[in-house]
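Reader: I should like to learn how the features of a structural model are read. May we work through one together?

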Amino acid sequence: MPLSPEMRHCNRLYKEMEDLYREADRWAGLSDSAFVILYQLLDMGDGCLQRDICSASFRSKQTVNSSIRALEKQGIIRLRPGRGREVHLHLTEKGRMLAEERILPVMEEENQSLAELGADAARLIALQQRHLEIFRRRIRALTAGPSDGA
């Protein structure tokens, strides 16, 4: 069974959104991972944990760690040990300037674009959440079933 026109449209919209974020990455002069790390530092606050960035950004620990090391070498962030194996990330002055000039404007445009939807914003979010929950349930049922080896 091929995709329904509605599902094809949903997939296209998702890809277009990804393309917009890649455009923002290029505008900022950053890799996708570096952009996400600085974005999360602004959103969660200076001193957040590496594991929280992984969780919030849905990026692997290895990907985030590699990008953190590169940003540290560039003098954009610095790492501070926490309890146990915790690693806190902090923006340097150079990093703060970069984040304020290139990440914060993207965050502001995200907020404004959602605000322009007015009352429809809450409906959009609720529908996306509902679709995610239904799809999650169906995929988990599919993957939990017996495999026929095909």
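Author: Certainly. The model is a predicted one. Let us begin with a single residue: leaving aside neighbours within four places in sequence, Val 36 is in contact with Ser 57 and Arg 59. Val 36 belongs to helix α2.

Reader: Is Val 36 buried or exposed, and why?

Author: The general idea is a threshold on relative accessible area: buried means under 20%. Val 36 has a relative accessible area of 11%, so Val 36 is buried. As for its position, Val 36 and Ile 68 are 32 residues apart in sequence and 11 Å apart in space, C-alpha to C-alpha.

Reader: Which residues does Ser 33 touch, not counting residues up to four places away in sequence?

Author: Ser 33, which lies in helix α2, touches Thr 63 and Ser 67. Because its relative accessibility is 13%, Ser 33 also counts as buried.

Reader: At what angle do α2 and α4 pack?

Author: The idea here is to compare the directions of two helix axes, where 65 to 115 degrees counts as roughly perpendicular. α2 and α4 pack at about 85°, and their axes are 9 Å apart. The two helices, α2 and α4, are therefore roughly perpendicular to each other.

Reader: Which residues of α2 and α4 meet?

Author: From α2 come Ser 33, Ala 34 and Ile 37; in α4 they meet Thr 63, Val 64, Ser 67, Ile 68 and Leu 71. By character, the residues of this contact divide into 5 nonpolar, 3 polar and no charged.

Reader: How many residues has the largest nonpolar core?

Author: One looks for buried nonpolar residues joined through their side chains. The largest such core here has 25 residues, and those with the most contacts inside it are Leu 38, Leu 41 and Ile 77. At least two residues of this core are supplied by each of α1, α2, α3, α4, β1, β2 and α5. The largest share, 6 residues, comes from α2. Leu 38 itself touches Leu 30, Ile 76, Ile 77, Leu 91, Leu 98 and Ile 103, residues up to four places away in sequence not being counted.

Reader: Where does Leu 89 lie, and with which residues is it in contact?

Author: Leu 89 lies in strand β2. Leaving aside neighbours within four places in sequence, its contacts include Ile 37, Leu 41, Ile 53, Ile 68, Ile 77 and Leu 79. Leu 89 is buried, because its relative accessible area is 0%. By contrast with these contacts, Leu 89 and Asp 19 are 28 Å apart, C-alpha to C-alpha, and 70 residues apart in sequence.

Reader: What span should helix α1 have, and how far apart are its end C-alpha atoms?

Author: The check uses a rise of 1.5 Å a residue: the 24 residues of α1, 5-28, should span 34 Å, and the end C-alpha atoms are 35 Å apart, which agrees. The buried residues of α1 are Ala 24, Asp 25 and Ala 28. What covers them includes α2 and α5.

Reader: What sign does phi take at Gly 29 and at Phe 58?

Author: Most residues other than glycine have a negative phi. Just after α1, Gly 29 takes a positive phi of about 75°. Phe 58 has a positive phi of about 60° although it is not a glycine. Phe 58 lies in the loop between α3 and α4, and because its relative accessibility is 76%, Phe 58 counts as exposed.

How values were computed:
Residues are numbered from 1 along each chain as its sequence is written. This is a predicted model: local features need pLDDT of at least 70, side-chain atom pairs count only at pLDDT 80 or more; totals for chains, interfaces and linings use all residues. Side-chain values use heavy atoms; hydrogens and water are left out. Helices (H or I, at least four residues) and strands (E, at least two) are DSSP runs, numbered from the N terminus. The expected span of a helix is 1.5 Å times one less than its number of residues. Buried means under 20% relative accessible area, exposed over 50%, partly exposed in between (1.4 Å probe, protein chains only). Contact means heavy atoms within 4.5 Å. A nonpolar core is a set of buried Ala, Val, Leu, Ile, Met, Phe, Trp, Tyr and Cys residues joined through side-chain atoms within 4.5 Å. Axes are lines fitted to C-alpha atoms, for helices over the stretch in contact, and angles run from 0 to 180 degrees between N-to-C directions. Angles under 35 degrees count as roughly parallel, over 145 as roughly antiparallel, 65 to 115 as roughly perpendicular and the rest as oblique. Ala, Val, Leu, Ile, Met, Phe, Trp, Tyr, Cys and Pro count as nonpolar, Asp, Glu, Lys and Arg as charged, and the others, Gly among them, as polar.
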